[in-house]
Structures are given as structure tokens and as C-alpha cells.
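Trainee: I'd like a close look at one helix and whatever is packed around it. Could you take me through that part slowly, and then show me how it sits in the rest of the chain?

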Amino acid sequence: MMQRLTQEELASLLQAKIEGIQSSTPLTDVVIDSRNILQPEQSLFVALKGAKFDGHNFVREVFDKGIRTFLVQEDFSPTASISKKACFLKVNKPLQALQKLASHQRSLFKGPVVAITGSNGKTIVKEWLGQVLSQKFSVAKSPKSYNSQVGVPLSIFGMDPMHQVAVLEAGISTTNEMDALENMMKPNLGIFTNIGTAHEEGFVSKNQKLEEKARLFQNCEYIIFRKEHAMITEYLEKRFPKKKLIIWSDGVGADYTLTVKKELSKSKILLMRPDLSLCTFMVPFSDEASLENIRHVIVAALTLGLDTKTIQEGLNHLKAIDMRLTLKPGTNQSLIIDDTYNNDLAGLRLALEFMNAQRPKKRKILIISDLLQVGNTDQVYEEVALLLTFYKIDYLLGVGKDISCLKEKLMIPMRFFQDTEHLLESLHDEFFDNDIILVTGARKFGFEAVVNRLQQRIHGTSLEINLNALTHNYNFYKTKLDAKTKVMVMVKAFAYGGGADEIANHLQQLKADYLAVAYTDEGLALRSEGIRLPIMVLNPVQESFPHLLQHDLEPVVYSLQFFKELAIFCKGQDKRMKIHLDLDTGMHRLGFEEQDMSQLLSMVQENPQLEIASLYTHLAAADESRHEDFTRSQLQTFTDMCERIMAKLNYRPLRHALNSAGIAAYSEFQLDMVRLGIGLYGVEVTGLYDQHLRVISTLKTTVSQVKKLKKGDSVGYSRKGIMEKDGQIATIAIGYADGYDRRFSNGKGFVLIHGKRAPVIGNVCMDMAMIDVTDMEVREGDEVIIYGPGISLKELAENIGTIPYELLTNISSRVKRVYYLD
Ligand SMILES: *Cc1c(COP(=O)(O)O)cnc(C)c1O
């Protein structure tokens, strides 16, 4: 929460001009987003301007929600109806003013501030360090990855006097950004995780990026980094006095030596300190990235005065994965939000926001543990109560000693338990049906067991969808388009296998303009899940006409005959139906051709009960530059056909032609709207922007059994696999019935186990497949990645002569979909 300031104090702090009416209520919250306003009368709304977004356009909406204090740009004039009812603080640049306010808040904080930057691992190091430090201190940390020009101020407003240490992360994407972050954070201790190639486009060179990042440390007392990152080491040693640097290394010649002995899923870290004393830590990971991150954490915790025993206790609670907010299918149509890693207010707020953004369900249920290490308990639980009221929680199950104080603060049905075991016993008497259940607790409460109990049993295989990556891809395509161009997202075929309900819901949050499905049933399913966006139906049939009309689903019309049937159906109805005309310019699949035009034109005119919402065409080869002439002729024909139709209408339908490949290669033809498909799901088919998209889905399974075989032994049906030498195979729980293509048999496909590639041996079976894991350390239950980061769909598809589209959409519906925010 922000330190309490009145409007007048704010104005003088920010040197803002005050207009409108003033009040003396102190302000405690800063809001930049019109959603989720908790305490409007105590909130300051800051109108920020982004590339695609202007907060000033939301002043009215926010006013209606009760906010009366606005920080705006000096040339902004509120409408007459609100200018007399609210207070406007006018400044030259609201973002700078917000940052100034954050600097002020920072100056009131007495404890040390740790700032983390680097190309990878920032968020993990911050989370883990926060967890370890919370063994001894009350810790404020940035929620998730709030590390930008806007995110950092918001993180700083989360630093209260009750906190003893703050852990913040700083991220930049181009030059001249770090000074502002440094100025707000004023870190005492810095951690430089590493430097990689991410965001290379914002910098002229890696060196420039390094220099810019290092500006975060200009006033630090100490900077922690790893000696093996030669560029960082060389630069920091040149730039800063030696006494500021705390260097750690795998080998000798550093302040701290931390050597690793890996076991299968954990590792032993041997530490030698500057005074040459030795000690060991056990950590629950064995992958390189986690091991680097955790060693930053250990060195930082030592520097902040934790003893080795306390650090080890903190490490025991860490886990490599699952520190993400995850949405899982529960029993009886319920949805589970798994946030079992979280234990602070900022995290709780994010989880509740995420809950609020889901499809509507019967009840909102919260299962929550004590919040740990929070100082003034009563004040914290007051805030918890406020949050739960605001987010309209219907039912609460609390675990722990402190949390039961909510009894006096809330009026909803509640049950409390002394520990997780008692909760688990009592879950038998609870009946969840079509509810949404948020499970959030500190690590030591072991709420994984609660989630396990509530979720639908997931057989070995699951498809994990990263909703943040989806947002990233969506925004990437938005950057290729003008701000006014609309985006229709193709969620046909179960959203390319990803799961239409959740993805459509997420797109609704992202404010996509349109959705498209293949069949009416798919559209009806989305409507029943509360999706309100306009929906185009590519392949409607006559029997579905009444449903289309009733649920505002908008059919594609592609032939004269179909037009006629629909026109007759709609004649006596009391509302108009919106339709979309598919114009065939060379795809030769569906659509009106040149020769249909004159008849089409008269039918359009004779049937005003059908409103032409859009005209579109589909490109046959936008992904292949060798067909550029053909594509351009399609676009030309389309433009001509559109002109002829539009001349007969007294309104303007939308025009659209580009699919994902089209957006990448022919963005000058974006017209009024584009139709985004495969690109959103992380595959850039033209190859022009491969580096810019993130993989959104990971198909995973587990090892069911490991077998040692001898040279010459055969594997699987028809004895197709033959061991070339003595070795071992693993049987994995996925087969062609799950969508693991049988063409991957006999070495055409491979999977990842512990980050290493292992080929398929023998024929893929219906529910299982065998892989050759000779010379690899593999055990039953180990995780196997089928597709995902590190194993490209394009490469796999090519191996078996198909395209990524087919692999994505073939994943069977029996494979559980799990959604998360990373
Ligand atoms: C599927 C489809 C798209 C999307 O194509 P991508 O290649 O996945 O971007 C666009 N328009 C129509 C008509 C489609 O059927």
C-alpha cells in the first residue's frame, strides 16, 4: 500500500497543478487499470499512455467506479460532467510522476533493498530469495514479474513499513531505461543473473545491453554475480571498485566457491566461503538453470546475514516448477486454480484477479493458509478480508492459526482447520459442483495434496498451455498492425488443440475483437461458457439456423443456395442476422466466385434481414514467398469484388484477408481486420519472425517402465524396433490414440527426457510408445516432453511429412489441458 498522502500533499510532491474539487481523504492505493479497483475513494488513478493504449480514455469508466483523484497529463480536459466532481492533478508526464511517487515511497523504507537484473532467471531468483529470506525476515517482493517502468513503481507501493527486506526485479528492453528504475529502487544489494540474447533488438550490441543493465548497480553497496559469465565479470571489475563485488564461481579464484554434485533430481552444493570455511546445501534440482539461480540465492542470503542452517530450511521448501498460477480441471466440472507457492498479499491479490477473470462458475471458493512472516497480523488480515469481499468469495476454508481471525472480519460461510491434514479429512463432506476453487498457501502447508485431491485424475499425459506466452504472441501480432485494425482469432478445432473455452476466455480478457469457429456447436459451447465476443461460424448447416439466431452466432455464407436458404429462414424473424461473405479468389475451397457476383449483388439488396458484417477471402499460399505473385493477384481480385459489393450497400462491412502468415508477410493488406490462427499458438509458418513468438503448449507424459535389453532384442509390435547394442528403453504413457502420430515410429520421432533427446524405437502403440534411453539416467515416473520449448513442432512435423497444424489439432480430447501464467 502507498504511504497515506492527501491530494494536496501529492500535488506538492509531484509539483502538479490541482483542478476540480478537493477532499482531505488520504490516498493509499495507486491504480492504472480500470479493472479491479478495490477502494475507489482512497485510490489515485494514473492515466498512462502506451503505444496501443491511453489511460485517459478510461477516466470516465474509472470515475463511474468511484475514483475521485486522477493524475493526468496537463493538456487533458475532463468532460464537464466530471470535472466539477473530482480532483485532477495535472503534470507534464504522468509516468514520470508515478515514478517520482515510487521514489518517495522507497525513501521511507528502512531495510535493505535487493535488486535483480539479467537476461534470464530474474523472477525465479526473486521468488526463491524471497522464500529463503522469509525464514527470518518479513519480505516485500515484486508480484510475479513486475519489473518494467510501470511494474517497478507498483512493486514499490507494495513495500510497507512492516517489511524488513525488499526483493525487486528490474527488466529493460532498450537503452536509457535503467536509470529510472535505479532511481526508484535505490538498491543496496544487486544481483546480476546472466546476460543472454533476449531483447537483442533494443540494443546495438551485447556490450551496450550489459552497460545499460549494470547501471542498476551504480549506488549499490554490493553486487553479486558469477565469475563464469566472462563479459559481466570483465565489465563489472573495470567499472566498480573491488570491495563492492561479490563474485562466486564453480571453481577457484572467487569470493565464494560453490561446486555442484548432481544426483538424479537433486543436487549437493559444496560452499567454500571467503574465510575458507566449508558447508553443504541440498537443493531439489539438477538442471543447470536452476542450479545457477539457486547459487545466486545462497550467496545473497549469506550476504544479508542468514546462517547456513536457516538457508537450508528455506531451500527445503523450494520447488523447480509449480511456482506458477495454474488452472486445472477439477471434479464435477469445477475449475481449480493452483497457487500453492504463494504466501503474500500481493500474490493473493493477483491470484484473486486471475480467478475473477475466469469463466463464470456457481461459487467462488477459497482455500487458504496463514500468510507467513507478515509483521502486524491484524492489519494484514484486515486487508485479506477486504480483498475477499471485493472479489466476492462465497465460501472459505482456512488452514492455520492466524487465518481464523477472519471469523470476526467476514460475513461469509467459513470453516477453519488447524493443519492441512484436518482439512484433507474434512474435504470428504464438501461437495463441489461447477465451482471455481482457488487453492493458495505457503509452501510449508503442503497444499499440493489439496490440489491433488480436488483435481480430475490426470493420466500420465497432459497438455500445458502458457497463457502469458499466448498474450505475448497476441501482442506481437498487434505490433504488426495499426491500432485500429481489428483481430479475429481462430479458435476452431478446439483452439488448435489448446482448448477453446479457456483460450476464448483469455482472448476476451485481451479484448480481441472477434472469434471464429468451424461449426455451430463450437460456437454454442463458447456461449454457454460465458463468451460474449462476436463469433463467426465458418461451416454452419441449415439445421443450426435457429441456434445461430438465438445465440448471436454469425454464419459464413459461401454459396447462392445457402444464401437463399438463410434469407428465407430470417425473413419473418424479429432480429437481423449478421453474416459474413466468403469470396473465393483462388483458394478454391468455399466461397463466391466472379461468376456469382451479379446474382449475389441482387440477393444482398433484396434481403436486408441479413446484415453483411464482413467480406473476406482466404489466401492459399501466404506462407510461401515463391507464390507471392499469386497471393497479390488474390488480394487484388478481393479488393475489386469488395468494391462492387460495397457499392450496393448503405453501410460498411469489415474487409479481411490475412491469416497469420499473411500478417507476417503482407501487413499492408490488413484492411479492417485480420484472422489470426497458428501464430497465436506459437508457430510462425513464414519463418520471418521465428524468434519473436513464444511456444505456448507443452505436451508431457511420464515414463511407465524402464527395461534393460540386449543387442538384437526386438521392441514392440511386428518386432520393428531392434536394439543395435545392449542398452535400455523406456515405455512412455502416450500413443496414437492420444494424438502421438504413428508416423513417429522407428526413430522418426524423438522426445526430451531431462533435457536430452531420445528417439522412438519400434512402432508407436495405441496408448504407449517406447523410446531408446541407452546411456541415459531414467526412472519410472520421470517427466517426458513430447512437444514444447526445446522440441520444435516444425521440425517434428517435417520429419513425418506433415505440418504443425496437424500435430497441434490431433492431440486427443482425453489429454487433460492445464493452463498457467508463468
Ligand atoms: C483457419 C483459418 C485461418 C487461420 O489460418 P492460420 O494459418 O492458422 O493463421 C484464417 N482464415 C480462415 C478462413 C481459416 O479457415
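Mentor:

**Helix α8 and its surroundings**

Helix α8 spans residues 206-214, and its buried residues are K209, L210, E212, K213 and A214. Keep in mind that this is a predicted model. What sits over those buried positions? The cover on α8 includes β6, α7, β9 and α9, the last of these being residues 230-239.

Two of those covering elements, α7 and β9, are joined by a loop worth a glance. α7 is 178-185, β9 is 189-192, and K186 has its place in the loop between them. K186 has a phi near 40 degrees, which is a positive value in a residue other than glycine. Is K186 buried or exposed? Neither: its relative accessible area is 33%, so K186 counts as partly exposed.

Now for the sheet. β6 and β9 both belong to an open sheet of nine strands with mixed pairing, in the order β7-β8-β6-β9-β10-β11-β12-β13-β14. The edges are β7 (139-141) and β14 (278-283); each has a single partner strand, so one side of each has no neighbour in the sheet. From one strand to the next, the twist averages 20 degrees. Helix α5 (residues 122-133) packs on this sheet too, touching β6 (113-117), β7, β8 (165-169) and β9, and its direction makes about 170 degrees with that of β8.

Over at the β14 end, β13 (residues 267-272) pairs with β14 in the antiparallel sense over six bridges. One residue pair to click on there is S267 with its bridge partner V283 in β14.

β11 is also in this sheet, and S249 lies in that strand, which covers residues 245-249. S249 is buried, because its relative accessible area is 1% and the cut-off is under 20%. The S249 side chain reaches the backbone nitrogen of G251 at 2.8 Å. Leaving aside neighbours within four places in sequence, S249 is in contact with K227, E228, A254, Y256, T257 and L258.

For a comparison, have a look at another sheet. This one is open as well, with five strands in the order β1-β5-β4-β3-β2 and mixed pairing. Its edge strands are β1 (17-20) and β2 (29-31), each pairing on one side only. Here the twist averages 25 degrees from one strand to the next. β3 (residues 43-46) and β4 (residues 69-73) pair in the parallel sense over three bridges, and V46 stands opposite L71 in β4. Helix α1 (residues 7-14) lies across β1, β3, β4 and β5 (87-91), running at about 5 degrees to β5.

Further along the chain, try β16 (residues 335-339), where five of five residues are buried. In a regular strand, side chains alternate between the two faces of the sheet. In β16 both faces are covered: L335, I337 and D339 are buried on one side, and I336 and D338 on the other. As for partners, β15 (residues 325-329) pairs with β16 in the antiparallel sense over four bridges, with P329 opposite L335. β15 and β16 form a hairpin with five residues between them, and N332 in the turn has a positive phi of about 50 degrees. β16 also pairs with β20 (residues 436-440), this time in the parallel sense over five bridges; there, D339 has T440 as its bridge partner.

If you're collecting positive phi values, add N746, at near 55 degrees and again in a residue other than glycine. N746 lies in the loop between β33 (727-732) and β34 (750-753), and at 39% relative accessibility it counts as partly exposed.

Finally, zoom out. The protein has 26 helices and 38 strands. A compact globule with 822 residues would have a radius of gyration near 28 Å, and the protein has 29 Å, which agrees. The C-alpha trace spans about 90 × 90 × 60 Å along its principal axes. Of the 822 residues, 56% count as buried. The protein exposes about 35,000 Å², with carbon and sulfur atoms supplying 49% of it. Among contacts between residues at least 6 apart in sequence, 66% join residues at least 24 apart.

Conventions
Residues numbered from 1 in each chain as written. Predicted model: local features only at pLDDT ≥ 70, side-chain atom pairs only at ≥ 80, totals over all residues. Heavy atoms only, no water. Pairing = 2+ DSSP bridges. Helix = DSSP H or I, 4+ residues; strand = E, 2+ residues; numbered from the N terminus. Axes fitted to C-alpha atoms, helices over the stretch in contact; angles between N-to-C directions. Contact = heavy atoms within 4.5 Å. Rg over C-alpha atoms; globule rule 2.2 N^0.38 Å. Buried < 20%, exposed > 50% of the residue type's maximum accessible area, 1.4 Å probe, protein only. Areas by Shrake-Rupley, 256 points an atom, 1.4 Å probe, with all protein chains shown as cover. Polar contact = N/O pair within 3.5 Å; in protein donor to acceptor, adjacent residues only side chain to side chain.
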